[in-house]
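Work through the following exercises with the sequence and the model side by side. Each task is followed by a solution that proceeds step by step.

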Amino acid sequence: MIQPIKRLGQNFLQDPNTIRKIVDSLTCRPDDRVVEIGPGMGALTGLLAEKYADFSAIELDDRAISYLNEQLPGVTVTQGDILEVNWEQIAAGSKSGSVSVIGNLPYYITSQIIFGLLDAREYVKEAVIMMQYEVAERLIAQPRTKQYGILSVAVQLACVPKLLFPVSRNVFFPKPDVRSAMVQLDFSSDRPDLGVDSDGLRRIIRTAYNQRRKTLRNSLSSVLAEKERELPEEFASKRAEELSPEDFVRLASYLLSD
Ligand code: SAM
């Protein structure tokens with residue numbers, strides 16, 4: 001047993017049914033490479049290692065690593081910060097050339113972990129991850145809703161997100177202050193090449209959302225001035241939250257073209 005540290009987002013799963021349901025949510029094949037983010041005290045780890053031969057886990061907390069080395073001696077647990085990993089290197093040499101990711105995430109860095117996976121989408125097949133329920137709602141949100149924002153647009157352009165099931169606060173120790181949900185991000189289907197520079201696209205989405213109450217004519221005024229361009233009428237009087245992910249791609253292609 002290790003004493004949970006709040007600052008590391010340590011809320012450990014306790015309920016065998018929930019644990020089984022989470023592990024069963026991965027749809028990848030038994031010979032696929034699977035990596036667990038933040039194994040903690042190993043609630044999911046033992047079952048995952050039984051099911052997947054090419055399995056390893058990445059954990060920041062040395063105490064958890066010593067604990068796991070003792071409890072699950074055959075399982076590879078690497079010490080590291082998940083925000084620093086290179087998913088391309090992790091996927092290298094695997095059977096499919098990609099990696100499937102699973103984890104009950106440390107909630108304080110949920111968005112950064114997701115953005116890291118989106119950037120590595122070529123090397124990631126699937127991610128089955130637990131997060132705060134409200135963040136899960138943002139991932140699947142539709143335009144013109146309160147939840148629809150930068151994360152919704154970025155995620156929906158890179159993969160197919162699905163809210164799998166809610167998870168009660170009562171299955172953790174200590175109990176978190178928030179509700180949780182399991183989410184699947186499916187990167188496996190062939191997404192069309194967006195045809196725009198992804199950094200440029202993200203900058204435009206961020207600039208538009210920085211002043212989400214304003215029309216795009218106003219919120220994007222700095223980009224328009226820099227590019228010496230007017231916005232087409234179909235965009236000019238709309239606000240960021242009214243554009244679909246595909247609209248953002250068309251807008252970015254227009255603004256970023258030479
Ligand atoms: N998987 C375990 C479970 O479900 O009981 C623990 C989940 S707990 C919510 C999140 C885990 O992520 C903790 O073990 C924590 O130490 C680890 N963690 C926190 N920050 C991390 C980081 N930057 N990189 C890797 N692991 C991290």
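**Exercise 1: Glutamate 59**

Glutamate 59 is buried, with a relative accessible area of 8%, where buried means under 20% relative accessible area, exposed over 50% and partly exposed in between (1.4 Å probe, protein chains only). The model is a predicted one, in which local features need pLDDT of at least 70 and side-chain atom pairs count only at pLDDT 80 or more, whereas totals for chains, interfaces and linings use all residues. Residues are numbered from 1 along each chain as its sequence is written, and side-chain values use heavy atoms, with hydrogens and water left out.

Task: establish where glutamate 59 is found and what its side chain meets.

Step 1. Glutamate 59 belongs to strand 3 (residues 55-59); helices (H or I, at least four residues) and strands (E, at least two) are DSSP runs, numbered from the N terminus.

Step 2. With neighbours within four places in sequence left aside, the residues in contact with glutamate 59 include Gln10, Gly40, Ile65 and Val77, contact meaning heavy atoms within 4.5 Å.

Step 3. Glycine 40, 19 residues apart from glutamate 59 along the chain, has its C-alpha atom 7.0 Å from that of glutamate 59, and a polar atom of the glutamate 59 side chain lies 2.9 Å from the backbone nitrogen of glycine 40.

**Exercise 2: Serine 94**

Task: decide whether serine 94 is buried or exposed, and find which backbone nitrogen its side chain reaches.

Step 1. Serine 94 is found in the loop between helix 4 and strand 5, and with a relative accessible area of 9% it is buried.

Step 2. Its side chain reaches the backbone nitrogen of glycine 97 at 3.1 Å, while Arg33 and Asp54 are in contact with serine 94 when neighbours within four places in sequence are left aside.

**Exercise 3: Cysteines**

Task: explain why cysteine 28 forms no bond with cysteine 159.

Step 1. The structure holds 0 disulfides, a disulfide being a pair of cysteine sulfur atoms within 2.5 Å.

Step 2. The closest cysteine sulfur to that of cysteine 28 is in cysteine 159, and because the two are 16 Å apart, they are too far for a bond.

Step 3. Both residues are nevertheless buried, cysteine 28 with a relative accessible area of 11% and cysteine 159 with one of 1%.

Definitions and conventions
Polar contact = N/O pair within 3.5 Å; in protein donor to acceptor, adjacent residues only side chain to side chain.
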